[in-house]
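How might one read a two-chain model step by step, from the sheet of one chain, across the contact between the chains, to the hairpins of the other? The paragraphs below take that route.

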Amino acid sequence: MKVLLTGSAGFLGRRIARSLLQQGVTDLRLLVRSQPPAGLVAELQRDFPAAGIEVVSANLLLAGSLPALLQGVDTVVHAAAGMKGAAADMFANTVVASRNVFAAAGAAGVRRVVLISSFSVYRTFELRRGALLADDTALEPVGADKGPYGYAKTRQEHLLAEYRRQFGFETVVLRPGVIYGPGGGALSPRVGLKVMGWFVSLGGGALLPLTYVENCADAVALAALRAPDGASFSVVDDDLPTCRAYLRAYRRSVQRLRVIPLPRFAFRLAAAWMLRYHRRSKGQLPAVFTPFTLRSMFTPLRYTNQGLKALGWRPAVATAEGMKRTFAWLRQQPR
Amino acid sequence: MRVAIVGCGKIADGHVEQLRATGRGEVVAVCDREPLMAEQLAVRFGIPRQYTDLARMLAEVKPDVVHIATPPDSHLVLGRLCLDAGCHVFMEKPFALTEAQSRELLDHAARLNLQLGVNYLYNYEPPGLELEQLLASHALGEIVHLDTSYGYNLAGDYGLAVMSDPGHWVHRLPGKLFHNVLDHVLAKVVPFLDDELEVQALAFRRRDPIGSDIVDAMPDELRFMLRSGQVTVSGTVTAHARPVPHQLKVLGTLDSVELDYTARTLVHSARWAQPSALGRLFPAWVQARQYRRNARRNLRLFRRHEYHYFQCMRVLLNRFYDAVQGKGPAPIPPEQILRVTRIIDRIVAAL
């Protein structure tokens, strides 16, 4: 069974490649935009000598190059996405690229498409404090109010559903929370933001929906190979810390920060003021937070990974160990 | 006025936002040959109609003005189509690929008595507007020399897109990376030049190769020298200097000024008016006072909500729409647009 993995050079993608091989894939095609990270393929080939691993490069925005790469592929794991840049660039690299992948996969008769989505697609605005965010929580209908990333990921999921209906391929969707680990970012916006030399702590006592990058990759590989058609999973680890506890551990282990905790009522006022000022000043300052994004992102929720556990997934790296490894790596990075 | 946008990439956001801020027109439709890109711009900004066919949009929507924000190799064809439909056109830079294309477009607009503007926005930054006043009052005397510098961060969002994609349209431009920014560099100096020009230029790649023939063929450092009669210009486009520069020095026979477009400051060059070492104590204080004056001006603009990142584009759009409505002259005269593209042709030929 040949598996094609897009975004193979990425933070998560390179771990997914290893997890797929660990879970029995013997014919793996790694798709990268230009070149794979140095040593990646050699290391995989060394650790999995019986597997056939090939690297192909393509720009997913150029649909013409994809049909040849999908020949003979049984399953596509689509991890490539635009993670930064202007809104239009993020949309192009996430949605237009995905449309090309889905269309080419459908035309090539691919059996299954596995999409790496995001927590940002969930319609969390209506959830009350303490509610459970589950695999079947409703999705945003459009997502434009969630900002460029949330909008692009939401449109990407809706597009997958459209192409599933058109071509009839199987689909599996994984929606990770905050993916962390060596090589990743330091502090999620859910924890807070750096502003003019200060760190404004926003998350407070809310749980931080972490998933260690290797655990997340294992979940993707397992779901790709074993989940039933049409399944979708939110991906979080066990023993989630609060945002406050994560920040405390970060400050202790990585970097001293001057922290301003922003109480929730002050955050609400600030978000409302930001939106008002943004409108009154005709966009002189961006509305970094709005009452909508505040409620969507910062309402304290509970999370579950029971769907994945029913498949047999267990987070191999405990959260305490994951944070330890991540902080050790971050400590060595130049600041 | 009814306005349409063609080309729904990232710069289209700026056109919609700034046009809305001016209140001079309503964006009624967007068009992109990629339907998803047209959709995303329409959805994010609540624009009612979206198209993938420009001719159809022009026929159905009948806009008064079309903003063209596509890559420059399409500007000639799209510009002609819009002008033929009776629309005024506001063009994103680079205006066109060559002087010949620019001339064709400008002549066509003139024949049809339509406005054809271009987004040479930086002359309308606060220091650019202050320079405009100084020049109008002849406070600098005759202009002797201009030094213009512009930085380009290849590690930034746009630079990464160019560096990681050999198929990016920038690689198809005759002057590659420089072709995409020279409009900004030259638009500031062409008002001081005439059409008799000497041009010298050199360019090279300073970064290490990455193994892509197309990407590695793109130079990233440019120096050029222009002479037009008694006026000379030196220019720098750099991808490596930090902080990323964006400056202009104007040396006149009476006074000289230095403009920093990033910091939004204009300061007159220091004068050494007092003798001896004691006299050299004063200029730094005088300069400090000038920076304080700039800071107060910027704060005033901020409080009036006239300090947006693209405030300069708002000023330019207001003047362009004044011209469209017959309330003022074209903010950038056609001969200056032609001169910019002619100098780019000459610089590219000299490399």
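What follows goes through chain A, then the contact between the chains, and then chain B. The model is predicted, and the description should be read with that in mind.

In chain A, a convenient place to begin is an open sheet of seven strands, which pair in the parallel sense and follow the order β3-β2-β1-β4-β5-β7-β12. The edges of this sheet are taken by β3 (52-57) and β12 (232-235) of chain A, and because each of these has a single partner strand, one side of each is left without a neighbour in the sheet. From one strand to the next, the twist averages 15 degrees. Within the sheet, strand β5 (residues 112-116) of chain A runs parallel to strand β7 (residues 170-176) of chain A, and five bridges join the two; V114(A), for instance, has V172(A) in β7(A) as its bridge partner.

Helix α4 of chain A links this sheet to the next part of the account. The helix lies across β1 (2-6), β4 (75-78) and β5 of chain A, and its direction makes an angle of about 175 degrees with that of β4(A). Where chain A meets chain B, 22 residues of chain A are in contact with 21 residues of chain B. On the chain A side of this contact, helix α4 (residues 87-108) gives the most, with eight residues. Sorted by character, the residues on that side of chain A comprise 11 nonpolar, six polar and five charged.

Turning to chain B as a whole, one finds 13 helices and 13 strands. Its C-alpha atoms fill a box of roughly 75 × 50 × 40 Å along the principal axes. A compact globule of 351 residues would have a radius of gyration near 20 Å, and the 21 Å of chain B agrees with this. Of its 351 residues, 41% count as buried, and among contacts in chain B with a separation of 6 or more, 66% are made by residues 24 or more positions apart.

Two helices of chain B can be looked at together. Helix α4 (residues 75-84) and helix α5 (residues 99-111) of chain B pack with their axes 10 Å apart and at an angle of about 5 degrees; since an angle under 35 degrees counts as roughly parallel, α4(B) and α5(B) are therefore described in that way. In this packing, L76(B), G79(B), R80(B) and L83(B) of α4(B) meet Q101(B), E104(B), L105(B), H108(B) and A109(B) of α5(B). The residues of this contact divide into four nonpolar, three polar and two charged.

Further along chain B, strand β12 (residues 256-260) takes part in two hairpins. With strand β11 (residues 246-252) of chain B, β12(B) pairs in the antiparallel sense over five bridges, and three residues lie between the two strands of this hairpin; here S256(B) is the bridge partner of L251(B). With strand β13 (residues 265-268) of chain B, β12(B) again pairs in the antiparallel sense, over four bridges, and L259(B) has L266(B) as its bridge partner. Four residues separate β12(B) from β13(B) in their hairpin, and R264(B) in the turn has a positive phi of about 55 degrees.

Which residues of β12(B) are on its covered face, and which on its uncovered one? V257(B) and L259(B) make up the covered face, whereas S256(B), E258(B) and D260(B) make up the uncovered one. In a regular strand, side chains alternate between the two faces of the sheet.

Methods:
Residues are numbered from 1 along each chain as its sequence is written. Chains are lettered from A and ligands numbered from 1 in the order in which they are written. This is a predicted model: local features need pLDDT of at least 70, side-chain atom pairs count only at pLDDT 80 or more; totals for chains, interfaces and linings use all residues. A residue is buried if 20 or more other C-beta atoms lie within 10 Å of its own, exposed if 12 or fewer, and partly exposed in between; C-beta atoms are placed from the backbone. Two strands pair if DSSP finds at least two bridges between them. The radius of gyration is taken over C-alpha atoms; the globule rule is 2.2 Å times the number of residues to the power 0.38. Two residues are in contact if their C-beta atoms, placed from the backbone, lie within 7 Å. Ala, Val, Leu, Ile, Met, Phe, Trp, Tyr, Cys and Pro count as nonpolar, Asp, Glu, Lys and Arg as charged, and the others, Gly among them, as polar. Axes are lines fitted to C-alpha atoms, for helices over the stretch in contact, and angles run from 0 to 180 degrees between N-to-C directions. Angles under 35 degrees count as roughly parallel, over 145 as roughly antiparallel, 65 to 115 as roughly perpendicular and the rest as oblique.
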